[in-house]
Amino acid sequence: MIEQETDRGTTRISARAVTRVAAAVAASHLNLAPDTVGVTVARPDGRIELTVSAPIPAATVIDRVQEQIRQESSDLIGSTIGRVTVRQSSAPQAAALAGTILTRVRSRYREDPVRLVGLVAVGLTSVGIVAGILARAISRK
């Protein structure tokens, strides 16, 4: 729960509401779907701090986006946000790739369900391995 005292009283906003507002704002500035953006809220020293995880497009200028997210989220929730940190995540990209592969395979092999199951199993295993490798590489940076 985030509380802010004003001359008119106290405004209370749930952490979930702050998370959803920040995710929508971040998705808007990163040109992504809101469900591909993760946000965590922390309150060290009484300040609101946001950590945004998203599959960031390569040409994005992180410093500019962090400031835009901080400013717009602050305006919308009516509280000062001290810091926004944006981090690259690859899990949503891997999930989207797996969904695309599954859709294509399913439409091509609709008449042969046994072959379809085999291909899907191999494809999902491969995507899982690639996602694991990407996650380890990103966490080392």
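## Helix 2 and its neighbours

Two residues are in contact here when heavy atoms lie within 4.5 Å of each other. With that in mind, let's look at this predicted model, starting with helix 2. The buried residues of helix 2 pack against four elements: strand 2 (9-13), helix 1 (15-30), strand 4 (48-54) and strand 5 (81-88).

Which residues of helix 2 are buried? They are Val65, Gln66, Ile69, Ser73, Ser74 and Ile77. Because they cover an arc of only 155° around the axis, they sit on the same side of helix 2. Turn to the other side of helix 2 and you will find Asp63 and Asp75, which are exposed.

Helix 2 itself spans residues 62-77, 16 residues in total. From its first C-alpha to its last it reaches 22 Å, close to the 22 Å expected at 1.5 Å a residue. After helix 2 comes glycine 78, with a positive phi near 75°.

## The three-stranded sheet

Now for the sheet. Three strands form an open sheet in the order 3-4-5, and their pairing is mixed. Strand 3 (38-42) and strand 5 are at the edges with a single partner strand each, so one side of each has no neighbour in the sheet. On average, and ignoring direction, neighbouring strands of this sheet are turned by 15° against each other.

As a reminder, strands of a sheet pair through backbone hydrogen bonds, either parallel or antiparallel. Strand 4 and strand 5 run parallel and are joined by seven bridges. If you would like a pair to find in the structure, take serine 53, whose bridge partner in strand 5 is arginine 87.

## How the helices meet the sheet

Helix 1 packs on the sheet, where it touches strand 3 and strand 4. The direction of helix 1 makes about 135° with that of strand 3. Helix 2, for its part, lies across strand 4 and strand 5 and runs at about 135° to strand 5.

## A closer look at valine 18

Valine 18 is a handy residue to click on, and it belongs to helix 1. Is valine 18 buried or exposed? With a relative accessible area of 2%, valine 18 counts as buried, because the cut-off for buried is under 20%.

Leaving aside residues up to four places away in sequence, valine 18 touches Ile2, Ile13, Val41, Leu50 and Ile77. One of these, Ile77, is also among the buried residues of helix 2. Another residue to look at is valine 39: it is 21 residues from valine 18 along the chain, and their C-alpha atoms are separated by 9.1 Å.

Notes
Residues are numbered from 1 along each chain as its sequence is written. This is a predicted model: local features need pLDDT of at least 70, side-chain atom pairs count only at pLDDT 80 or more; totals for chains, interfaces and linings use all residues. Side-chain values use heavy atoms; hydrogens and water are left out. Helices (H or I, at least four residues) and strands (E, at least two) are DSSP runs, numbered from the N terminus. The expected span of a helix is 1.5 Å times one less than its number of residues. Buried means under 20% relative accessible area, exposed over 50%, partly exposed in between (1.4 Å probe, protein chains only). The arc is that of the directions from the helix axis to the C-beta atoms. Two strands pair if DSSP finds at least two bridges between them. Axes are lines fitted to C-alpha atoms, for helices over the stretch in contact, and angles run from 0 to 180 degrees between N-to-C directions.
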